[in-house]
Amino acid sequence: MPITNQQVAAHAFLRQMYDDSYFPDHVVDKGKAILLRLCERIEAEHPADLEGLYALTQAATEEFNLLDSEFVAAGSEIETVAREWICDEFCFVASAYEFTEADAEELTAGRDW
């Protein structure tokens, strides 16, 4: 399903990670795909409130939890700076879909990275 939100469609997800050679592009690509799937789910399911949004972001956070092992296997990891960049992307998504009251910590509350 193509993204219809123009702000999201034009956004360069995880740009900082692509710009840093410490993070392998093929693994960052998977992170970008997680974020795009999150956007697709938001557009398909139209969560009515923050609880609905948080349910979707938690599922995406769990995918990132699994992806961390792929970063480690490639000689990298989701470390402090990457964690902030990824969390910023979750905040961007929430804002782009007009969930401006979303709590940054709650968006990725289940993270283990």
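Guide: Let's start with a cut-off: a residue counts as buried under 20% relative accessible area, as exposed over 50%, and as partly exposed in between. Keep in mind that this is a predicted model.

Visitor: Why is C87 called buried?

Guide: C87 has a relative accessibility of 11%. Buried means under 20%, so C87 counts as buried.

Visitor: And what makes C91 buried or exposed?

Guide: C91 comes out at 27%. That value is neither under 20% nor over 50%, so C91 counts as partly exposed.

Visitor: How do you know what to make of C87 and C91 as a possible disulfide pair?

Guide: Check the sulfurs. A disulfide needs two cysteine sulfur atoms within 2.5 Å. The closest cysteine sulfur to that of C87 is in C91, 7.0 Å away, so it is too far for a bond. A search of the whole structure turns up 0 disulfides.

Visitor: What makes the length of α4 believable for a helix?

Guide: Helix α4 has 24 residues, 50-73, and at 1.5 Å a residue it should span 34 Å. Its end C-alpha atoms are 35 Å apart, which agrees. There is a bend of about 25 degrees at L66, though.

Visitor: What sits at the two ends of α4?

Guide: At the start, a side-chain oxygen of D49 comes to within 3.3 Å of the backbone nitrogen of E51. That falls within the 3.5 Å limit, so the pair is a polar contact. After the helix comes G75, with a positive phi near 85 degrees.

Visitor: Which elements cover the buried residues of α4?

Guide: The cover includes α2, α3, α5 and α6. Among the buried residues are L53, F64 and F71.

Visitor: Which residues touch the most other members of the largest nonpolar core?

Guide: M17, F64 and Y97, in a core of 35 residues. Helices α3, α4 and α5 each supply at least two residues, and α5 gives the most, with 9. Setting aside neighbours within four places in sequence, M17 is in contact with F23, V28, F71, A82, W85 and I86.

Visitor: Why is S76 called buried, and where does it lie?

Guide: S76 lies in the loop between α4 and α5. Its relative accessible area is 4%, which is under 20%, so S76 is buried.

Visitor: What does the side chain of S76 have for a polar partner?

Guide: The backbone oxygen of Y22 is 3.0 Å from a polar side-chain atom of S76. Beyond neighbours within four places in sequence, S76 is in contact with Y22, F23, P24 and F71.

Terms used
Residues are numbered from 1 along each chain as its sequence is written. This is a predicted model: local features need pLDDT of at least 70, side-chain atom pairs count only at pLDDT 80 or more; totals for chains, interfaces and linings use all residues. Side-chain values use heavy atoms; hydrogens and water are left out. Helices (H or I, at least four residues) and strands (E, at least two) are DSSP runs, numbered from the N terminus. The expected span of a helix is 1.5 Å times one less than its number of residues. The bend at a residue is the angle between axes fitted to the seven residues ending there and the seven starting there. Buried means under 20% relative accessible area, exposed over 50%, partly exposed in between (1.4 Å probe, protein chains only). Contact means heavy atoms within 4.5 Å. A polar contact is a pair of N or O atoms within 3.5 Å; within protein, one must be able to donate a hydrogen and the other to accept it, and residues adjacent in sequence count only if both atoms are side-chain atoms. A nonpolar core is a set of buried Ala, Val, Leu, Ile, Met, Phe, Trp, Tyr and Cys residues joined through side-chain atoms within 4.5 Å.
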